[in-house]
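Welcome! Please open your viewer and keep the selection tool at hand. We will go from stop to stop together.

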Amino acid sequence: MNQYETVFIMTPVLSDDQMKEAVSKFRNFLTEKKAEVVHEANWGLRKFAYPVQKKSTGFYHLIEFKAPGELISELEVTYKRDERILKFLTVKLDKYAVKYNEKKRTEKNKKRDEKTDSDK
């Protein structure tokens, strides 16, 4: 199985519940197709460099997962059919990118643990 990272941008007119529902739809799609979700991150509302479908902002969400290559085309068709998705990008991670992401997550967790220890 290859490791992939997908970022999708949702329309800014969604409520919190609608946004969570959209994210869970794509997470469930991956898990139902036997993909393993490695990491998720909600990047929140961000401003675009240029208008997309006449909108200047959008909600960004990242999902890192392990899956067979055949699943990617199905995932991208699902993105295209969903009106809430403005844009998406899925990339295959090479071994260096996988190690970089793991290192970044462990350092982030380490800093969070140090901060909680100092707060006590």
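How far apart are the mean positions of the positive and negative charges of the protein chain? In this predicted model, the 26 positive and 20 negative charges have mean positions 4 Å apart.

**Stop 1: the whole chain**

Start with everything shown as a cartoon. You should find 3 helices and 4 strands, and from the N terminus on they follow the order β-α-β-β-α-β-α. Along the principal axes, the C-alpha atoms fill a box of roughly 45 × 35 × 25 Å. Now switch on the surface: the accessible area is about 8200 Å², and 50% of it belongs to carbon and sulfur atoms. Of the 120 residues, 37% count as buried. Among contacts between residues at least 6 apart in sequence, 74% join residues at least 24 apart.

**Stop 2: the largest nonpolar core**

Hide the surface and select Phe-8, Met-10, Leu-30, Phe-65 and Leu-75. These have the most contacts inside the largest nonpolar core, which has 20 residues. Colour strand 1 (2-10), helix 1 (16-32), strand 3 (55-67) and helix 2 (70-81), since each gives two or more residues to this core. Helix 1 supplies the largest share, with 6 residues. In soluble globular proteins, nonpolar side chains tend to be buried together.

Next, centre on Phe-65. Leaving aside neighbours within four places in sequence, its contacts include Tyr-4, Leu-30, Val-37, Ile-72, Leu-75 and Thr-90.

Another core, of 8 residues, lies apart from the largest one; select Val-7, Ile-9, Val-52 and Tyr-60 to see some of its members.

**Stop 3: helix 3**

Select residues 95-119, which form helix 3. Try the distance tool on its end C-alpha atoms: they are 36 Å apart, which agrees with the 36 Å that 25 residues should span at 1.5 Å a residue. Which residues of helix 3 are buried? Show Val-98, Asn-101 and Arg-105 as sticks, for these are the ones. The buried residues of this helix pack against strand 1, strand 2 (36-52), strand 3 and strand 4 (85-93).

**Stop 4: two lysines in loops**

Most residues other than glycine have a negative phi. Lys-34, though not a glycine, has a positive phi of about 70°. Look for Lys-34 in the loop between helix 1 and strand 2. Is Lys-34 buried or exposed? Lys-34 counts as exposed because its relative accessibility is 66%, and the cut-off for exposed is over 50%.

Finish at Lys-54, in the loop between strand 2 and strand 3. Lys-54 also has a positive phi, of about 65°, and is exposed, with a relative accessible area of 86%.

Technical notes. Residues numbered from 1 in each chain as written. Predicted model: local features only at pLDDT ≥ 70, side-chain atom pairs only at ≥ 80, totals over all residues. Heavy atoms only, no water. Core = buried A, V, L, I, M, F, W, Y, C linked by side-chain atoms within 4.5 Å. Buried < 20%, exposed > 50% of the residue type's maximum accessible area, 1.4 Å probe, protein only. Contact = heavy atoms within 4.5 Å. Expected span 1.5 Å × (residues − 1). Areas by Shrake-Rupley, 256 points an atom, 1.4 Å probe, with all protein chains shown as cover. Lys, Arg positive; Asp, Glu negative; His and termini not counted. Charge placed at Lys NZ, Arg CZ, Asp CG, Glu CD.
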